[in-house]
Amino acid sequence: MRINCLSTQEDLFETRLLRRVSQPVFLAIEAIPSGLDAPLVLYGNWHLQGFAHGLRWLSGLAFHLPHPCLLLPPFDVGSVGESLGLMTALNVQNVNTNHLLVLPEAEAFNLAEKTELQVQTDYAFSGPTGKAWLTAAETKLAVVDLIQPKNTSTPLLLCGARLLSASGLSNNDDRLALLVGILTWAASWNKTVDQIIDPPSKSPKLDEATWHVVCILAAGARASTVNETISLARSLFGVEISLGDVQLAHDRLVGYDLAQRIDENLLLNLAALETYTQRLGLWAYVRALRRDFERMGS
Amino acid sequence: MAANQAPTLIREIQDIFPSRATELEKSYLSMAANHLKQAEGLAEQMQYSFIESGDLSPEAMIALVKTLYEFEQLVKKICPLDPNRPFSLTPEQIKTYQDSYAQRSLWEKVHFLIWLRTQYIERQNQLLSDLESQLDEAASYKQIQGKPFPTAPITQVLRLIQNEVQAPVTGGTQTSMGWLQIPEYPQKISQYFLVNQYVDGWKRLEKLESFVSKTSPSSLWLRFIRQVDLWKNIVNQYQQAKQAWDQLNDFMQDAPENAKTGMSDLGKEYQAVEDFVNGGLEHEIQSQIASKPGLQLMNALEAEVKAGEKYQGLAGQISQLLEQIRQGLRQKINAKRLEALNHVLRATGKPEKLAPQGKSTYQQTIDAYEGFNTEVEQQGKNMFEGQKKLTNWELWVQIYRMLDEGKFTLKPEHDANVNELVQMGLLERKISLKR
């Protein structure tokens, strides 16, 4: 399987392990994106001026590349949403676990119906941005997070697990399965096909970030009307959501059994929303919102 | 003399207790001059004439004692301590002095701070010398039995301690390296000293000493060396596994792919330990230096090394697989036909034919066993055919098998063959009473 990396990565220890499952072709940073002919896999100290500089460089092109970009450890802990040019927050946190849960979204990785993996993980992602495909078992924070700001964007996949590592803390079979699963998914990702297949039929143009914001507001602030959702999204997250998008999101809430439609109103299923937002790694936001709203109410 | 001694002593403590020194210099020296003046005034006021005159009026006596007491109190505040009794404390007394500092006399304050400074510098020097030698020694563990081993878990912490202990308390440039995080005493020693928390500063110093000690229960060196020893075991295990794996590979070099399927799982396991030992552990730890400062990196090393113990027994498993493959190949020798031949050879007084040992590769072994089977067949045929015998080699093998398995029943058409085989000494008849 052919992949692209930067020439700065050629002599890294991780490359030795990567070569066992793929054929990396190393490109000078100036050759990106024109020279890219396979997924771009970034790991180790891939940018000479450090991770933050690297992210800023990546933000301008990651979502327009012809192939997905995979970002593997190490990460700098803290907020990365802004560096990546995202509208919503995305945070990198330190975790220490080797117990990962595989969510149904990770079906594309062909993990032989495994629901749990033992792969040592040092970083996890939180915030309304992205779609969690694997989570840390204890914290439920996203460990593999798919960022795709628009349906037309090329995905950027963040993975906080040590995929290119010889650590005995990982089960080697699980590590290899996840590594190969991610690389194969990225290599076979096709922009045109994805655009047709990926969007749920009920909400063909809803961005993941918007969807997450609506979920947080529904679960945390019990926002169930269109106007309430738009105004809270603006005041709390600084995000402008169109009327059409909120309607699509509300349709999806109903479609996912996270709410029921009674006449024109939405009756939220808070218990289901709690579980769903926890699974997406959004629980911290929901909880914070709830606390704020409870304080205001008392 | 005292007036000259005090400023000298105060200047001595300026490097470690700058605020205290300034405080003493500014207020207490002038106060001492005042106290001295007041004491002189009191001395002048004292009247002893009533004692000499024998008129011991209680009022005069009370006034004299009172003035004497005030005089003594004033003098105590400014009088140097007895030079014949060296000022010495135990570490436990630091708290007493810290708590009662404000109430202490000028001289007690000065002597206490000088004592603390001297003790600190003495211990600081010892600590720095221990740190230096441990850092040197740690560098010699970068390779253990030819395999890279991470020394950062100990050197990072030692350097943090070194950085804290050797940095000047005031002035100079502090590096941005930071200092070792100890939950009970989170500030640097110098910071504790600057805010007059001598007990906490001292406790932190003792804590750092216990980390640097090579024998204390919290010794970093002991923790590090324990990991070195465990790592040696892992490297040994790997070297045995490598030897077994090389033997297996050498043997299987000419084997068909379908014969290698059993090697796949062990191969992955072997590759994992090979990566782990050949730079993997070092890489794991190096990549965690930024995210796991201080003692966390030592915890990470311990976790990684412990996890590496799972490869124990891999060499045995590989050798076992090779043995299984060899045993499997041995099944290719037609054992029953060899036994049938050897039965004939024994009866004719000839030496038995022995199966060959396995060869050095899979295919060579198969070739040897198949060649041997052909020899057995040829020799077997030679024993019967061309010698005007009724029984041929194939029939003998059949009869031998049946007898061996206890399934032989004499058929009339084999009667002549059995007689012949008895004559050849291969079979014997038993006669018994019919019941």
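**Notes on a predicted two-chain model**

1. A:Ala112 counts as exposed, because only 7 C-beta neighbours fall inside 10 Å, and a residue is called exposed when 12 or fewer other C-beta atoms lie within that distance. A:Ala112 sits in the loop between strand 7 (100–102) and strand 8 (116–117) of chain A. Its C-alpha atom is 8.8 Å from that of A:Ala177, although 65 residues separate the two along the chain. The reader should keep in mind here, and in every point below, that this is a predicted model.

2. Chain A as a whole can be described next. Its secondary structure amounts to 9 helices and 14 strands, and the C-alpha trace extends over about 60 × 40 × 35 Å along its principal axes. For 298 residues, a compact globule would be expected to have a radius of gyration near 19 Å, and the value for chain A, 19 Å, agrees with this. Of the 298 residues in chain A, 47% count as buried. Among the contacts in chain A with a separation of 6 or more, 66% are made by residues that stand 24 or more positions apart.

3. How are helix 5 and helix 6 of chain A arranged relative to each other? Helix 5 (residues 208–221) and helix 6 (residues 226–237) of chain A pack with their axes 10 Å apart and at an angle of about 95°. Angles of 65 to 115 degrees count as roughly perpendicular, and helix 5 and helix 6 of chain A are therefore roughly perpendicular to each other.

4. The residues at this helix contact can be named. From helix 5 of chain A come A:Val213, A:Val214, A:Leu217 and A:Ala221, and these meet A:Thr229, A:Leu232, A:Ala233 and A:Phe237 of helix 6 of chain A. By class, the contact of helix 5 with helix 6 of chain A is made up of 7 nonpolar residues and 1 polar residue, with no charged residue.

5. The loop that lies between helix 5 and helix 6 of chain A contains A:Arg222. A:Arg222 is not a glycine, yet its phi is positive, at about 55°. With 14 C-beta neighbours inside 10 Å, A:Arg222 counts as partly exposed.

6. Two cis peptide bonds in chain A deserve a look when the backbone is inspected. One runs from A:Ile32 to A:Pro33, with omega near 10°, and A:Pro33 belongs to the loop between strand 2 (23–27) and strand 3 (40–42) of chain A. Another joins A:Pro73 and A:Pro74, with omega of about 5°; A:Pro74 is placed in the loop between strand 4 (69–71) and strand 5 (78–79) of chain A.

7. The contact between the two chains draws 16 residues from chain B and 12 residues from chain A. On the side of chain B that touches chain A, the elements that give two or more residues are helix 11 (263–286) and helix 12 (295–308) of chain B. The largest share of that side, 9 residues, is supplied by helix 11 of chain B. Sorted by class, the side of chain B that touches chain A holds 4 nonpolar, 6 polar and 6 charged residues.

8. Which domains does the assignment give for chain B? The assignment lists domain 1 (2–80), domain 2 (112–169 + 177–220), domain 3 (230–320) and domain 4 (332–423). The C-alpha centres of domain 2 and domain 3 of chain B are 35 Å apart, and the contact between these domains takes 15 residues from domain 2 and 16 residues from domain 3. On the side of domain 2 of chain B that touches domain 3, strand 2 (147–148) and helix 7 (152–166) of chain B are the elements that give two or more residues. Helix 7 of chain B provides the largest share of that side, 6 residues. By class, the side of domain 2 of chain B that touches domain 3 has 11 nonpolar, 3 polar and 1 charged residues.

9. A last detail concerns B:Gln145, which lies in the loop between strand 1 (143–144) and strand 2 of chain B. B:Gln145 has a positive phi of about 50° although it is not a glycine. B:Gln145 is partly exposed, as 13 other C-beta atoms lie within 10 Å.

How values were computed: Residues numbered from 1 in each chain as written. Chains lettered and ligands numbered in written order. Predicted model: local features only at pLDDT ≥ 70, side-chain atom pairs only at ≥ 80, totals over all residues. Axes fitted to C-alpha atoms, helices over the stretch in contact; angles between N-to-C directions. Helix = DSSP H or I, 4+ residues; strand = E, 2+ residues; numbered from the N terminus. Parallel < 35°, antiparallel > 145°, perpendicular 65-115°, else oblique. Contact = placed C-beta atoms within 7 Å. Nonpolar A, V, L, I, M, F, W, Y, C, P; charged D, E, K, R; others polar. Rg over C-alpha atoms; globule rule 2.2 N^0.38 Å. Buried ≥ 20, exposed ≤ 12 C-beta atoms within 10 Å, placed from the backbone. Domains from an automatic or database assignment.
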